[in-house]
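Open the model in your viewer and show the backbone as a cartoon. The stops below go from the whole chain to single elements.

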Amino acid sequence: MSKANVFLPSCSVGTDCYEEVRYVTRRFGKKAVVIGGKTAMEKGRPALEASLAGTDLTITDFVWYGDNATYANAEALMATPAVQEADMIFGMGGGRAIDTCKVVATRLDKPLFSFPTIASNCAPCTAIAVIYKQDGTLDGYFYPQEPAVHTFINTKIIAEAPEKLLWAGIGDALSKEYEVLLATRDKTLSHTPLLGKQLAGACAEPLLRFGAKALEDCRSNTPSYELEQVALDIVMSTGLVSNFTTTPDADYYNSSLAHAFYNGSTVIPAIERHLHGEVVSFGVLFLMTYDKQYALRDELMAFNQSIGLPICLADLELTPADLAPLAAKAKTVTEWHCAPYELTEAAFIAAALECDEAGKARK
């Protein structure tokens with residue numbers, strides 16, 4: 001008889017949610033190491049230390065994760081005494097920092113708790129990590145057995161983060177609904193991916209409704225209701241979908257053409273100057289063009305334009321000449337096979353050019 005494990009992430013959210021750390025972690029030990037980005041730890045450390053004052057939970061150290069989510073950085077962290085001595089790992093920062101912590105926590109068999117300081121992606125609560133090579137190109141995916149035990153979403157810290165990171169987070173999260181619906185189209189789904197497909201339908205609407213106001217509030221460092229709803233969408237809603245649609249030993253439905261476009265673009269040097277979600281947001285428009293959902297594409301293109309997300313290749317410093325190597329790289333990634341029809345490089349390039357023309361025409 002076969003068996004399967006499904007681990008659902010949990011979270012605390014709000015301006016004072018670090019006060020819950022002492023309760024949530026009480027059964028996991030007395031020592032934690034914080035691994036994260038330098039700026040992230042600078043922003044999150046005071047609130048975390050204040051929340052632990054008077055408790056018997058101690059922090060062994062605050063350790064920089066490195067400059068990217070790589071296996072080399074994870075191995076260096078695993079050899080660090082403060083990490084080895086800790087009972088649990090607190091991953092603090094953005095997606096690459098937390099993804100690095102997933103590798104460390106899994107290989108050392110220590111519980112992971114995540115502390116996103118920006119709302120830019122769903123990495124804090126997913127059981128998948130995107131790993132890069134030392135040169136910055138995509139290496140592949142790492143699959144922990146389970147997601148972080150708990151995610152602490154401090155909306156005050158997120159409201160004080162750079163607006164552009166929330167902006168890119170909206171662009172990345174907007175892909176989830178449309179990619180999952182494309183990847184699961186015409187599929188007979190078992191219980192878990194079927195739930196993921198249904199949950200995916202709740203990802204786009206809050207972003208379209210609250211996205212502009214959330215960006216305005218982030219600009220003024222205001223932890224508003226709209227900002228909270230968008231942060232929960234980016235971190236938790238899309239993360240839940242990811243966990244339901246991603247398992248290493250079953251069909252993969254978590255992403256599709258938008259991320260195929262992004263992963264392909266990592267071979268173009270100019271893309272290093274653009275944020276992940278920024279590129280993915282154009283990938284969503286590309287997906288809609290490839291799939292000939294023109295009315296929805298135009299609606300999303302108008303939304304992108306309204307908040308400054310890219311709508312044509314030039315917005316990403318890409319040219320038509322870049323599309324051949326981009327498509328060649330895209331053909332090698334998992335997402336190339338996550339569509340209800342066979343993709344071709346020629347059609348991929350043609351759809352990108354068609355989408356680009358539509359964006360230029362709108363401008």
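Colour the chain by relative accessible area: of its 363 residues, 57% are buried. This is a predicted model, and every value in the tour is computed from it. Switch on the surface next. The accessible surface of the chain is about 15000 Å², and carbon and sulfur atoms account for 51% of that area.

Go back to the C-alpha trace and turn it along its principal axes, where it spans about 60 × 55 × 40 Å. The radius of gyration is 20 Å, which agrees with the value near 21 Å for a compact globule of 363 residues. In the cartoon, the chain shows 15 helices and eight strands. If contacts are drawn between residues at least 6 apart in sequence, 78% of them join residues at least 24 apart.

Select residues 163-183, helix α7. How far do its 21 residues reach from the first C-alpha to the last? The span is 31 Å, close to the 30 Å expected at 1.5 Å a residue. Now centre the view on Lys 176, where α7 has a kink of about 25°. With the rest of the chain shown around it, α7 is mostly covered, with 18 of its 21 residues buried.

Move to residues 129-132 and 138-142, strands β6 and β7. The two run antiparallel and are joined by four bridges. Pick Tyr 132 to find one of the pairings: its bridge partner in β7 is Leu 138. Five residues lie between the strands of this hairpin. End at Gly 136, which has a positive phi near 95°.

Terms used
Residues numbered from 1 in each chain as written. Predicted model: local features only at pLDDT ≥ 70, side-chain atom pairs only at ≥ 80, totals over all residues. Heavy atoms only, no water. Expected span 1.5 Å × (residues − 1). Bend = angle between axes of the 7 residues up to and from the residue. Buried < 20%, exposed > 50% of the residue type's maximum accessible area, 1.4 Å probe, protein only. Pairing = 2+ DSSP bridges. Rg over C-alpha atoms; globule rule 2.2 N^0.38 Å. Contact = heavy atoms within 4.5 Å. Areas by Shrake-Rupley, 256 points an atom, 1.4 Å probe, with all protein chains shown as cover.
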